[in-house]
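Here are my comments on the model, point by point. Please keep the structure open while reading.

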Amino acid sequence: MTLLYNLGIAAYSCLIKLVAPFNNKAKFLSEGRKRTAQRLKELKFEGKVVWIHAASLGEFEQGRPIIEKIKEHHPEYKVVLTFFSPSGYEVRKNFDLADEVLYMPSDTKRHAREFIEAVAPEKVFFIKYEFWYHFLSELKSKQIPVFGVSMIFRKEQSFFKSYGAWFRKMLRAFEKFYVQDEVSGDLLKGIGVSNYAVAGDTRFDRVRDISRESKDFDLVKKFVGESDKVIVAGSTWAPDEDVLINYIQSVNEEVKLIIAPHEIHSEHIQQIEAKLKVPYFRYTSPVSEPESARVLIVDTIGMLSAIYKYGQVAYIGGGFGVGIHNTLEAATYGMPVVFGPKYSKFKEARDLIDLHGGFSIDGANEFNAYIENMWSDEALLKTTSDKSKAYVDKMCGATAQIMREVFD
């Protein structure tokens, strides 16, 4: 099995080099790994080092609370942050709390040995789904503790199959798993792995901190005015926008809509504007009387997580495409969270539905009925909002537990 694994890694590395001239993602990865190899020859840290590995941007958000707490309470540690995906590295390569940000080298025995010798970590954190055979084997041989953060296990994974003995070797390299749910813990226990704790997801700590530190936006306040019927729609795509625009134009003239599309390039914003037959404006092109508009289009980045607080109901986009975007940024403010039908891969969305803090809609008619029911029943709106907030509050605390057990 190790031979097959090595052949697969070699084939993937060759493929990346072959397609790099024609594919930007492959180009970034290929060139980034070359820079990392050179940088490893230059590295020389003084003092203790913590290495945190995240596959991409989403996993980084789960590792970020750990990094922030390390820098706050244990500044004697240097932090090395690695990414597998260019979509993570290119966005966070200048992250100021990391002392070094690198690409993860391909998973060969030589690369693992050279990387670990250069970085010399005292503690290592792998986030969510990351299992690298040779890196884990090298860390274990050097008795460097590895901690799994916000991990989720599913019965379909190879670890839990009859042929999974080789894959289970990687699990034995971990000092402890901090898993998100009881299901993951039970799966580990079922194969004789007892070094785990059901700690939850560190992202909950992150979104709570973001909400507490969120900025105020005067223009958004003026737009909302005295209205108590505001929908904030985040990371929307065209099918989401069709549902929302149909509602505010055809169903309820009292409702205001703040829409922050996933794509904010000019062409997409113009497509939204072409559908609107009610007063609107772009955030970057304010009008003299914003309170008279029905729709505010947020055509800039970095505001969404703070803007949710101006609404009574949140709509999360992506559910009519490949899958919904971040529901937690809205839920932390205590508001019903609505999204399209493609949510099954997202645990927090399933949880919100089970707890009646969230709702999935199949199309415009179902959305219209659900929202109108919310406005007409204040007790239902409050109860749903409270359940959404309670879910986030209950799930917070993973970061504190990990820091306490690993560093104190």
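1. Lys123 lies over the face of Phe407, with 5.5 Å to the ring centre. This is a predicted model, and the contact should be read as such.

2. The ring of Phe407 has a second partner. Phe125 and Phe407 form a stacked aromatic pair. Their centres are 6.2 Å apart, and the planes differ by 20 degrees. The angle is under 30 degrees, so the pair counts as stacked.

3. What does this pair tie together? Phe125 belongs to strand β4 (residues 123-127), and Phe407 belongs to helix α18 (residues 398-407). The pair therefore links parts that are 282 residues apart in sequence.

4. Are the two rings' residues buried or exposed? Phe125 is buried, at 0% relative accessibility. Phe407 has a relative accessible area of 13% and is buried too, because the cut-off for buried is under 20%.

5. A further aromatic pair joins Phe153 and Phe159. The geometry here is edge-to-face: 6.0 Å centre to centre, with 75 degrees between the planes. Phe153 is buried, at 2% relative accessible area. Phe159 is buried as well, at 6%. In total, the model has 33 aromatic pairs.

6. Another charge sits over a ring. The charged end of Lys256 is placed over Phe223, 4.7 Å from the ring centre.

7. Helix α12 (residues 266-275) deserves a look for its two sides. Which of its residues are buried? The buried ones are His268, Ile269, Ile272 and Glu273. They cover an arc of only 140 degrees around the axis, so they lie on the same side of α12. Glu267 and Ala274 are exposed on the other side of α12. The spacing rule is familiar: an α-helix has 3.6 residues a turn, so residues three or four places apart point the same way.

8. Note that the buried side of α12 includes charged and nonpolar names alike in the listing: Glu273 is there, and so is Ile272. On the opposite side, Glu267 is exposed.

9. Finally, the N-terminal end. Met1, Leu3, Leu4 and Leu7 make a nonpolar surface patch of about 450 Å². Met1 is located in the segment before α1 (2-19). How accessible is Met1? Its relative accessible area is 47%, so Met1 is partly exposed. That value is over 30%, the cut-off for patch residues.

Note on methods: Residues numbered from 1 in each chain as written. Predicted model: local features only at pLDDT ≥ 70, side-chain atom pairs only at ≥ 80, totals over all residues. Heavy atoms only, no water. Patch = residues over 30% accessible without salt bridge, like charges linked within 9 Å, V, L, I, M, F, W, Y side chains within 5 Å. Areas by Shrake-Rupley, 256 points an atom, 1.4 Å probe, with all protein chains shown as cover. Salt bridge = Lys/Arg side-chain N within 4 Å of Asp/Glu carboxyl O. Helix = DSSP H or I, 4+ residues; strand = E, 2+ residues; numbered from the N terminus. Buried < 20%, exposed > 50% of the residue type's maximum accessible area, 1.4 Å probe, protein only. Phe/Tyr/Trp six-rings, centres within 6.5 Å; stacked < 30°, edge-to-face > 60°. Lys NZ or Arg CZ within 6 Å of the ring centre and 35° of its normal. Arc of directions from axis to C-beta.
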